[in-house]
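Reader: I am new to this structure and would like to understand the terms used for it. Could you walk me through them?

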Amino acid sequence: MKFNVLTLFPEMFSSLNESIIGRSKEKGLIDINLINIRDFSKNKHKKVDDTPYGGGAGMVMEPTVVYDAFKSIKDKKTKVIYLSPQGKTLNQQKVQDLAKEESITLLCGHYEGIDQRVIDTIVDEEISIGDYVLTGGELPAMVLIDSVSRYIEGVLKEESIKEESFTNGLLEYPQYTRPEMFLDKRVPEILLSGNHQKIDEWRRNQSIINTYIKRPDLLKEINLSEKEQKMLEEYKNLKEGGSK
Ligand code: SAM
């Protein structure tokens with residue numbers, strides 16, 4: 001998978017040289033091509049922004065420099081995404097869909113944003129990472145690269161992504177590792193039993209309970225078996241003194 005990133009601050013992306021993403025780059029599973037928009041400024045001071053027409057606060061990134069930077073990308077086909085608080089919020093389904101693309105170009109805005117005319121010319125889709133405003137699109141671009149890369153073959157073991165939060169509509173079950181006893185807390189007995197069928201059942205139930213506690217909205221979309229519904233009702237009765 002190739003990621004082209006159009007940015008005024010390519011140095012910010014050095015954190016993607018670490019850990020799983022860094023190793024995947026080294027293995028050639030992902031390629032991150034950083035394009036410094038400022039390199040395409042024809043201004044002698046390398047200026048890339050100007051005051052907004054109509055007045056108002058802040059500066060707007062000029063269309064020509066962004067367009068010239070975009071035109072330097074030679075990929076035959078690339079999906080162009082503008083990271084913007086006005087876009088659709090990124091979620092797991094979108095992440096998995098984007099992982100099927102061969103090339104993605106991420107446009108990072110700064111200041112008040114980018115001249116609308118170049119957005120209308122080159123952008124296929126606007127994506128937000130949440131309903132709040134950041135100073136620039138670099139962190140959102142890194143969030144997108146990190147989340148999408150996890151779904152590229154070879155980046156992670158298949159089991160790691162099969163059972164985690166959101167993949168099956170539920171949040172993941174709690175995880176434990178050594179030591180068996182931490183402070184006064186023991187690892188749940190079932191996880192030491194070696195009975196994988198029972199462990200799977202326990203994990204599924206914990207997953208349902210975890211989702212009920214933290215994200216009950218997600219449960220509305222899930223078909224629970226009769227046994228699971230009963231288990232959840234029992235949990236609610238125990239914790240909340242429910243009437244049923
Ligand atoms: N004036 C713009 C508005 O009100 O919609 C906000 C501009 S913001 C200060 C500067 C840049 O940060 C944007 O062009 C975008 O690239 C990026 N950005 C800010 N918040 C974001 C978010 N929640 N998701 C994705 N990108 C964001």
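**The ligand and its surroundings**

Author: Gladly! Let us start with the pocket: in this predicted model, the space taken by the ligand is the largest pocket.

Reader: What makes a residue part of the group that surrounds the ligand?

Author: One of its heavy atoms has to lie within 4 Å of the ligand. In this model 21 residues surround the ligand, and the closest are Y82, L83, Q86, E112 and Y132.

Reader: Why is the pair formed by Y82 and the ligand called a polar contact?

Author: A polar contact is a pair of N or O atoms within 3.5 Å. A polar side-chain atom of Y82 lies 2.7 Å from an oxygen atom of the ligand, so the pair qualifies. For S84, a backbone N or O atom lies 3.2 Å from a nitrogen atom of the ligand, and that pair is also within 3.5 Å.

Reader: How do you know that G137 belongs with them?

Author: A polar backbone atom of G137 is 3.5 Å from an oxygen atom of the ligand, and the cut-off is within 3.5 Å, so this pair counts too. As for cover, the ligand taken alone exposes 580 Å², and the protein buries 86% of that.

Reader: Which strands supply at least two residues each to the shell around the ligand?

Author: They are strand 5 (79-89) and strand 7 (125-128). Strand 5 gives the most, with 5 residues.

Reader: What is the make-up of the shell by class?

Author: The shell has 10 nonpolar, 10 polar and 1 charged residues.

**Domains and backbone**

Reader: How is the protein chain divided?

Author: There is domain 1 (2-156) and there is domain 2 (181-242). Their centres, taken over C-alpha atoms, are separated by 40 Å.

Reader: What makes the bond between R178 and P179 worth pointing out?

Author: It is a cis peptide bond, with omega about 5 degrees. Most peptide bonds are trans. P179 has its place in the loop between helix 6 (158-162) and strand 8 (181-182).

Reader: And what is notable about the phi of F166?

Author: F166 has a positive phi of about 80 degrees although it is not a glycine. Most residues other than glycine have a negative phi. F166 is found in the loop between helix 6 and strand 8.

Key. Residues numbered from 1 in each chain as written. Predicted model: local features only at pLDDT ≥ 70, side-chain atom pairs only at ≥ 80, totals over all residues. Heavy atoms only, no water. Polar contact = N/O pair within 3.5 Å; in protein donor to acceptor, adjacent residues only side chain to side chain. Areas by Shrake-Rupley, 256 points an atom, 1.4 Å probe, with all protein chains shown as cover. 1 Å grid on protein atoms, 1.4 Å probe; cavity = no way out; pocket = protein on both sides within 12 Å on 5 of 7 lines; lining within 4 Å. Sits in = over half its atoms within 2 Å of the grid points. Helix = DSSP H or I, 4+ residues; strand = E, 2+ residues; numbered from the N terminus. Nonpolar A, V, L, I, M, F, W, Y, C, P; charged D, E, K, R; others polar. Domains from an automatic or database assignment.
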